[in-house]
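This report describes a molecular structure step by step, from the course of a chain to the contacts between its parts. The reader is invited to keep the sequence and the structure in view throughout.

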Amino acid sequence: MRRASLFSRLGERLIEAVIVLCGLSAIFFVAAIFLFVFLSGADFMLHRLDWGEFLTSAEWYPTSVSNKRYGTLALIAGSASVTGLAMLVAVPFGLGTAVFISEFTEGRVREVLKVVVELLAAIPSVVWGFIGLVIMNPLIIDLLGAPIGLNVLNGGIILGLMSVPIVVSIGEDALKAVPDSYREASLALGATRWQSVYKVLFPAARSGLLAAVLLGVGRAIGETMAVLMATGHAVQIPTSPLDSVRTLTATIAAELGETARGSDHYQALFAIGVQLFAITFVVNLTADLLVRGVRRR
Amino acid sequence: MNSTLQRAALLVLALALITSTGCSGGDRQDRTLVQNKGSDTMVNLAQAWAENYRRVRPEVGIAVSGGGSGTGIAALINGTVDLANASRDIKPEEQESIRKANGKTAVEHVVAFDAVVFYVHDDNPLTGLTIEQIACIYGEGGACENWSQVGVEVPGCEGQTIIRVSRQSNSGTYEFVRDHVLGKERDFKLGSRDMQGSKDVVDLVAHTPCAIGYSGLGYATVAVKAICVSGKTGEPCVTPTIDAARSKVYPLSRPLYMYTLGEAAGSIQGYLEWIRSADGQRIVGENGFVPMH
């Protein structure tokens, strides 16, 4: 009996240690990846890269013979425009679905809907990209008379649909966190269900819903394969949703394989990696602080 | 009891599996695997060579992948492939990095010929372009943005804007066009749709009335039109065909290469010899490229 308890105590310790290790490993991996990305491009970033050009020039000519230029403004504009459009799709659809699931359904319908939305998140991004390439491309040409269907609109819709599941699940959590007494009070005052949603629940869950949107943004900025296939991959600052663009992520994916390890071009791509890291870090941090704000109340 | 028995059976099975694969591994000891990577233009051709070579020398396996000429040569520098396919010459700085990394030089082997062909949509009435006009369309600072500027009106093309379809910058075809159409020192105009593969270019052009794109001769389909190119204004233009490419009458003909680290030896040498034999060159013709003899 005593031996058994000794064993079980030892086992407990062991498992505890493993769990602590698992927890710490996340921090370790994030730090290690950031260090790797930074160090892989550090030499170029610190000594030879003109940061002014890097951030404000739209000319991306890493393989030019006569005049190499490393301007990422067009790529930033590409990422921003596609992400912006994606949010125009994902926010109404995502928040609408979240409200519907948490406020207007119950029982089986709710469970089925939740599962289906989660399934949407399980579709591989290359499949989304393929849909953009073979279904959306001819559709956009036919319906809008655009010269080419691989553009901001195509990428934005695809990315928006990809971000919907994240917005839905976090948005629904935020709505669920609003105490039932709020709903009851609102209904008791004679408000309709819709009125209580937008007059009471939205303000009460404000920061949680904002966090849902921001995490959706993070998802959209980081996505690579689908945008690589659906946006047309053209380095230019878009002036309309029907222009082709190229995103930061797609540039890394398309060009990293070609470069000799350690070359300036290789390191410039890691500089883009650092840039992306900074963007997603800020977005996620903002979302995290907002979620904390919700919990504190 | 039952489950113990099952477990024991499973263990025996697993052991048997391990030993059997171990044995077959032993049998295959003398089978060599050649890693072959690079040019997207050549990837179908290289695949066809590899498949046919299996019949000639079953003990030599050839693993082919694409990615672009630059990718193949980068892999050669990094030491991960034995044979790099390239649709352009190796650059001096690439040769330099190979010397630094491996202490060897890359040796060039011509394996076939090809022509870079400019394709337009089948509805496009355009027949010919001069190199100068192509440079005006594709080159940085070039003024040609509309089909009317090269003298045609394209039915079904909204706004008559020329949609430039190009290749990603590690493509050998991209660099060939830069060097031989735009001039080495000139860059491409930004805003072209940069496709990842030779076939993707032709596919996009086939679906886009406004588009023009370039790819290898072997990628021609019935849905696109290969345009006739003249070297200088006033000269007659030449339609890209196998004969025109072989006789170098077509201005954008080019050799296709395979590069090895140092002189080829052993199974790699055998493979290269077979590629350049009548048997290997027959496959070149079957894939729409230009045989050497």
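Read along the sequence, chain A runs through the pattern α-α-β-β-α-α-α-α-α-α-α-α-α-α. The secondary structure of chain A thus comprises 12 helices and 2 strands. The model under discussion is a predicted one.

**Overall form of chain A**

The C-alpha trace of chain A spans about 70 × 65 × 35 Å along its principal axes. Of the 297 residues in chain A, 41% are buried. Which share of the contacts in chain A with a separation of 6 or more is made by residues 24 or more positions apart? Such pairs account for 72% of these contacts.

**Domains of the two chains**

Both chains carry a domain assignment, and the table lists the domains with their residue ranges and the distance between their C-alpha centres.

| Chain | Domain 1 (residues) | Domain 2 (residues) | Distance between C-alpha centres |
|---|---|---|---|
| Chain A | domain 1 (2–47) | domain 2 (69–296) | 30 Å |
| Chain B | domain 1 (10–113 + 255–286) | domain 2 (115–253) | 31 Å |

In chain B, domain 1 is assigned in two segments, 10–113 and 255–286, while domain 2 is given as 115–253.

**Contacts between domains**

Within chain A, 8 residues of domain 1 are in contact with 8 residues of domain 2. The side of domain 1 of chain A that touches domain 2 of chain A consists of 5 nonpolar residues, 2 polar residues and 1 charged residue.

Within chain B, the contact between the domains involves 12 residues from domain 1 and 13 residues from domain 2. Which element supplies the largest share of the side of domain 1 of chain B that touches domain 2 of chain B? That share, 3 residues, comes from helix α3 (residues 69–77) of chain B. By class, this side of domain 1 of chain B has 2 nonpolar, 8 polar and 2 charged residues.

**Contact between the chains**

How many residues does each chain bring to the contact between chain A and chain B? Chain A provides 27 residues and chain B provides 28 residues. On the side of chain A that touches chain B, 13 residues are nonpolar, 10 are polar and 4 are charged.

Note on methods. Residues are numbered from 1 along each chain as its sequence is written. Chains are lettered from A and ligands numbered from 1 in the order in which they are written. This is a predicted model: local features need pLDDT of at least 70, side-chain atom pairs count only at pLDDT 80 or more; totals for chains, interfaces and linings use all residues. Two residues are in contact if their C-beta atoms, placed from the backbone, lie within 7 Å. Ala, Val, Leu, Ile, Met, Phe, Trp, Tyr, Cys and Pro count as nonpolar, Asp, Glu, Lys and Arg as charged, and the others, Gly among them, as polar. Domain bounds come from an automatic or database domain assignment. Helices (H or I, at least four residues) and strands (E, at least two) are DSSP runs, numbered from the N terminus. A residue is buried if 20 or more other C-beta atoms lie within 10 Å of its own, exposed if 12 or fewer, and partly exposed in between; C-beta atoms are placed from the backbone.
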